[in-house]
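This report looks at charged side chains and cysteines in one protein model. Please keep the sequence and the structure in view while reading.

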Amino acid sequence: MLGYLLKTSDLATLFRFVSADFFKVVPVGDLLSLGTQLRRHADDHAAFEAACGALDARLVTGEIALRVTATKRSAGASGESGMRAATAALDLFFFQILTSETWLLDFRASAFAAPEADAVTWSPQALWWSPSPAFRDGTRELYAGFYTGDAPRFDAALATLGLAAAKKPLEAHFGLGDQRAVRFELKTFQGTFAAVFEACRRAGTSIPPEFAVLGIMLLTLYENLEQHGLVFDVRAAFDRGFAAAGRSAGVPR
């Protein structure tokens, strides 16, 4: 179903990066249901506009200088402005994971514009999902546990999400060292996540179908950052997103 969603949207070029093992560790019936709901969401313009507005309203701190709009604009940026837009996208990825009850999924470079030196605008395609509380909180704990160096928190999140068997490949996905100079490549993403799903398959475990929507976010984010051919300070991006999230109510610390 993730492949179907990618093939039937203008995300089709990313389909080749989906691991075949993904479809072996996710319950097929649940995945079909998720796909049906995502297709319906794409037609719910009022809900999409509300999700964009809610995220934009939370971006009131200075850590992430970005506006979110459901109105499609002439987007895309290159050179220095493209790098600013890509950095803002990385910050926003973490901020959304840590704060949002509804996730907007389109992080492609074409969804971002940087018309002025101090302005970045995100106008995503109408792909969105409201994750279950268990998956939403488990994903938050996974990222927060890793980037804050809280190993028990990270391990607990792995168990919650059914990923305990895939700890090593997930750590490889997050990155070794201090994550201060990370190069984003879709082939690397494909390799590390293929190892994650293979480890789950070998262990006989299944994972929540909502990993499909997280996968779309990550695929589009990688597509965005890869095109610059540069390294990104992921640690600093998480710190900015985490600091901004700390100013939003209800964020697990």
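The text below turns to salt bridges, then to one aspartate, and then to the cysteines.

The model is predicted, and it holds eleven salt bridges. Three of them are set out here with the N to O distance of each pair.

| Acidic residue | Basic residue | N to O distance |
|---|---|---|
| Glutamate 141 | Arginine 153 | 2.8 Å |
| Aspartate 233 | Arginine 180 | 3.3 Å |
| Glutamate 198 | Arginine 202 | 3.0 Å |

Arginine 153 belongs to helix H7 and glutamate 141 to helix H6, so their salt bridge ties together parts twelve residues apart in sequence. In this pair arginine 153 is buried at 12% relative accessibility, whereas glutamate 141 is partly exposed at 22%.

The salt bridge between aspartate 233 and arginine 180 ties together parts that are 53 residues apart in sequence, because aspartate 233 lies in the loop between strand E7 and helix H11, and arginine 180 in the loop between helix H8 and strand E6. Aspartate 233 is partly exposed at 30%, and arginine 180 is partly exposed at 38%.

Glutamate 198 and arginine 202 both sit in helix H9, four residues apart, and are therefore separated by about one helical turn. Glutamate 198 is partly exposed at 28%, while arginine 202 is exposed at 64%. Elsewhere, salt bridges with shared partners join Asp21, Lys24 and Arg201 into one network.

Aspartate 56, in helix H4, is buried with a relative accessible area of 12%. Its side chain reaches the backbone nitrogen of valine 68 at 2.9 Å, and beyond its neighbours within four places in sequence, aspartate 56 contacts Leu66, Arg67 and Val68.

As for the cysteines, cysteine 52 is buried at 2% relative accessibility and cysteine 200 is buried at 0%, and the count of disulfides, taken as cysteine sulfur pairs within 2.5 Å, is zero.

Technical notes. Residues numbered from 1 in each chain as written. Predicted model: local features only at pLDDT ≥ 70, side-chain atom pairs only at ≥ 80, totals over all residues. Heavy atoms only, no water. Helix = DSSP H or I, 4+ residues; strand = E, 2+ residues; numbered from the N terminus. Buried < 20%, exposed > 50% of the residue type's maximum accessible area, 1.4 Å probe, protein only. Polar contact = N/O pair within 3.5 Å; in protein donor to acceptor, adjacent residues only side chain to side chain. Contact = heavy atoms within 4.5 Å. Salt bridge = Lys/Arg side-chain N within 4 Å of Asp/Glu carboxyl O.
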